[in-house]
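Reader: Hello! I am new to this structure, and I would like to look at it with you. Could you show it to me?

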Amino acid sequence: MYMRSYGAGLLLVFLSALFVGCSQEEKPVAEGTVSRPNTEYAGEYATVSQDRANQLGCSSCHEGIEDIRDIDSTMMQMIIGLGQSQGDPNGCVVCHGGTPGATTFKEAHQGSPAGLVQAGGPKEFYSDPGSMWMVQYTCGQRGCHPNYPYRLELALMTTEAGKIQGNLHTWGIEDVQDYRVPWGNYDVTDTDGPAPLIGTEAYKAYMQDMVKVHPKQFPAELKQVPQPSVDEIEADPKLAGFTYQRQQCQRCHVSVRGREKRGDYRGMGCSACHVLYSNEGFYEGNDPTIDKEEQGHLLTHKIYGTREADNGVPVETCNSCHNRGKRIGVTYQGLMEFPYGTPFAPDGSKQPKLHTKQYLFISDDLHHQIESRPGNPRGGMLCQDCHTTVDIHGDGNIFGTTLAQVEIECQDCHGTPEKYPWELPLGYSEEFDRELADNPRGLADKALYETTYFGTPYDKKDGYLLTNRGNPFGNVVKDGDKVVLHSATGNDFEVPVLRTLQETNGWKSPDAMVAMAKVKKHADRLECYTCHASWVPQCYGCHVKMDYSSDADGNPLADIDWVASGSQHTSDGQTAESRLGTGGIKSPGKTFEGRSYLRWEEPVLGINGEGRVTPLMPGCQVVWTVVGRDGKTVVQNVISRSADEARAIGQDSIPLALDMAPVQPHSVQRPARTCESCHNNPKAMGYGIANGIFQSRHTEDVVEDLIDQRTGKPIPQRYQVQIPAIPELDFDWSTIVDRDGKQLATVGTHWPLSRALNNRERQAMERTGLCMGCHREMPNKALWNKVNTPGSLTDTQHIELMNKMLKAYHEASSQAQ
């Protein structure tokens, strides 16, 4: 769709020279010289005098609207200068197009002159200049943010390729098995090859090697995810997964505006993140033309992004999308969806729904917590403080999964107990089963051009820290013996560095020192968040009914198809669903969903795509039912199987396609999981809650009525099945492996290294039943009376007693030698 734009830096110099002195003050509007309209704004029938239109431009109707950026900012001065060259005193046409000097609504919104920055673009009025469908003529024009449209078109916020592959895998769609990623929201091709468009030379070399080794995770092109006909679906019911995908899962990509529900209001493309919408969706600015009682409008007419641009992008803006799937956005805020809606409000009502859900507060991530004191602010970090321009906008390659695009690791800022961040090699903590060269990554002298152009440049001090893949963090610097993170919020944070803690014995507890510094396998094999993630949202069992029948009035059931709606767009950047109340394009069928049960504590552990131990969460655990056009059930409670998972792990039996997905939960706390929560926990090892002893009757219909205990059959002739069977599911949803080592369900579907813990790993890890090492001697009264004292011991006393026994054993062994 977009081509690369070069020479932006030179063009900026040219534009700056061209518009030196071209500020708002150059064409002042004298008080009393412009007549105001005689009536309030009258929508499409509004008219103004020619004198007023010439002097105020768009503000002749939109008087009072907020400046898109601070008037003294470089960005705003460039916009004003460029606008004045096109006859617009305020620069509105630079982004919005339209006709400056127009006296009627229709004329003003009919197109723009062939201006300097919009040459080659359609002469249109753009109500949302951030829309992906024409952003190359607005945000992406030369002198502003060139190349961003191309990068974002290929990045996951637009393609959602990983989400498509992961969900369709659990429906048994063979095209996405064996880690293939053939589909995105739209046809897209990487026209410039595997070399990243941005980044350091080290980063570009690293990524080109990644593409060579993992071509399936970095496809060169994507085709639009198809929508089979209802005839095809009734003949092959698993194809209903495509309807589910396009109606339910794809509403978050930035080429559409998304759902008009509380918490989901947003713009398109660049505006999806950089223009704020409150959860309620009301406009709170001063533009008289925007209805302040209609939901679905931007909060104010302002761009957010950097420390100078109103202190960054709030977390809730990210959460207009990141509230489903892995749920990392709401988890970061400490929220987990729950069906109860309690406690009650003062008027007796339940919670209002947010993102169509109700929530329970568990615990927000340490980095999100707002607890500041003078000289030592803590928490309150934004998503953008860690996540880089590559993480968000991409680098010009197509990414098949999140892991392919995200370039950061915890150790990039915190290091390890043995090495400072700058002493670690590139690739540390995402080894992908590689032996890494022991070459320190060092520090950078310069931040990336993309992070300082219109962004916030920070003093490098001793140097900028580097990401795991070799790009500088433009906001994280080494300052003497400290690491400082400059947050877009305006706060500056000193980052705890693990080697400093080790050298100064600054550990908060002996447990921390042992787990992080002494048990070296933890640092070598585990993700930091394996222990430090305090909880993980676990929605077990995703029960989906795709219903292609009709409602009570005979109307075929249908719902918004987000891919089809985005595909139908006009030259002004609007899609079939983007104008408020239009509803978009609908496709046959409607989704009905439910869950089996919810948990948050002590997640299952497994191996992620990088080859490290990680928390897992229920991914797409779909059990599906399809109802045909005639209202009859075509299939009921089906679970697909994953032949490619069996091939990948070398197993004869084929696991169910119930994915337990590797995840970075974004629920970090300083106190980590206890040793027992992993080493003495069958759920953590994959055996299921309480060794998987619960929910043993999935495979049979459960009838709760008067039962003949001799036969197990109902006594009444008329009864109902209380819990219908799921024929394939002969284990608890939380179980992924049995005691014989057979993997029962999939663990990740994107990367070949992801899997359940194998026999060797579980045996090395499991320490269940250690109490019996001593307490099995309790029947031996002669022995027990000598070592035991009356009463009971506290945990601390138990630990000290075992430590005393260890030292006694050491002393006895030494004497024996």
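Author: Below are some questions and answers about strands, ring pairs, charged pairs and empty spaces.

Reader: Before we start, what kind of model is this, and how are residues numbered?

Author: Residues are numbered from 1 along each chain as its sequence is written, and side-chain values use heavy atoms, with hydrogens and water left out. Local features need pLDDT of at least 70, side-chain atom pairs count only at pLDDT 80 or more, totals for chains, interfaces and linings use all residues, and the model is predicted.

Reader: Let's begin with the open sheet of three strands. Which strands are its edge strands?

Author: Helices (H or I, at least four residues) and strands (E, at least two) are DSSP runs numbered from the N terminus, and two strands pair if DSSP finds at least two bridges between them. The open sheet has the order 1-3-2, with mixed pairing. Each edge strand pairs on one side only, and the two are strand 1 (183–184) and strand 2 (188–189).

Reader: Which residue in strand 3 is the bridge partner of Trp-183?

Author: Strand 3 covers residues 221–224, and strand 1 pairs with strand 3 in the parallel sense over two bridges. The bridge partner of Trp-183 in strand 3 is Lys-223.

Reader: Trp-183 also belongs to an aromatic pair with Phe-242. What is the angle between the planes?

Author: Rings of Phe, Tyr and Trp (its six-membered ring) pair if their centres lie within 6.5 Å, and planes under 30 degrees apart count as stacked, over 60 as edge-to-face and the rest as tilted. The structure holds 10 aromatic pairs. Trp-183 and Phe-242 form an edge-to-face pair, at 5.3 Å centre to centre and with an angle between the planes of 75°.

Reader: How many residues apart in sequence are the parts that this pair, Trp-183 and Phe-242, ties together?

Author: Trp-183 is buried at 11% relative accessibility, and Phe-242 is buried at 4% (buried means under 20% relative accessible area, exposed over 50%, partly exposed in between, with a 1.4 Å probe and protein chains only). Trp-183 lies in strand 1 and Phe-242 in helix 11, so the parts that they tie together are apart in sequence by 59 residues.

Reader: What about the rings of Phe-432 and Trp-751: why is the pair tilted?

Author: Phe-432 is buried, with a relative accessible area of 8%, and Trp-751 is buried too, at 4%. Their ring centres are 5.2 Å apart, and the pair is tilted because the planes are at 40°.

Reader: Now for charged side chains. How far apart, N to O, are Glu-63 and Arg-52 in their salt bridge?

Author: A salt bridge is a side-chain nitrogen of Lys or Arg within 4 Å of a carboxyl oxygen of Asp or Glu, and by this rule the count comes to 32. The side chains of Glu-63 and Arg-52 meet in one of them, with an N to O distance of 2.9 Å.

Reader: Are Glu-63 and Arg-52 buried or partly exposed?

Author: The two partners do not share a class. Glu-63, at 32% relative accessibility, is partly exposed. Arg-52, with a relative accessible area of 2%, is buried.

Reader: Where does the largest share of the lining of the second largest pocket come from?

Author: On a 1 Å grid over the protein atoms alone, a pocket is an open set of points with protein on both sides within 12 Å along at least five of seven lines, a cavity is a set where a 1.4 Å probe fits but cannot get out, and lining residues have an atom within 4 Å of a point. Helix 11 (240–249), strand 11 (558–560) and strand 13 (590–599) each supply at least two lining residues of the second largest pocket. The largest share, eight residues, comes from strand 13.

Reader: Which residues are closest to the centre of this second largest pocket?

Author: The second largest pocket holds about 1100 Å³ of space (grid points are joined across faces, edges and corners, and a volume is the space filled by probe spheres set on the points). Of the 37 residues that line this pocket, the closest to its centre are Gln-248, Arg-259, His-355, Thr-356 and Glu-593.

Reader: And what is the volume of the second largest cavity?

Author: A search of the whole structure finds two cavities of 30 Å³ or more. Residues lining the second largest cavity include Arg-257, Arg-259 and Leu-580. Its volume is about 40 Å³.
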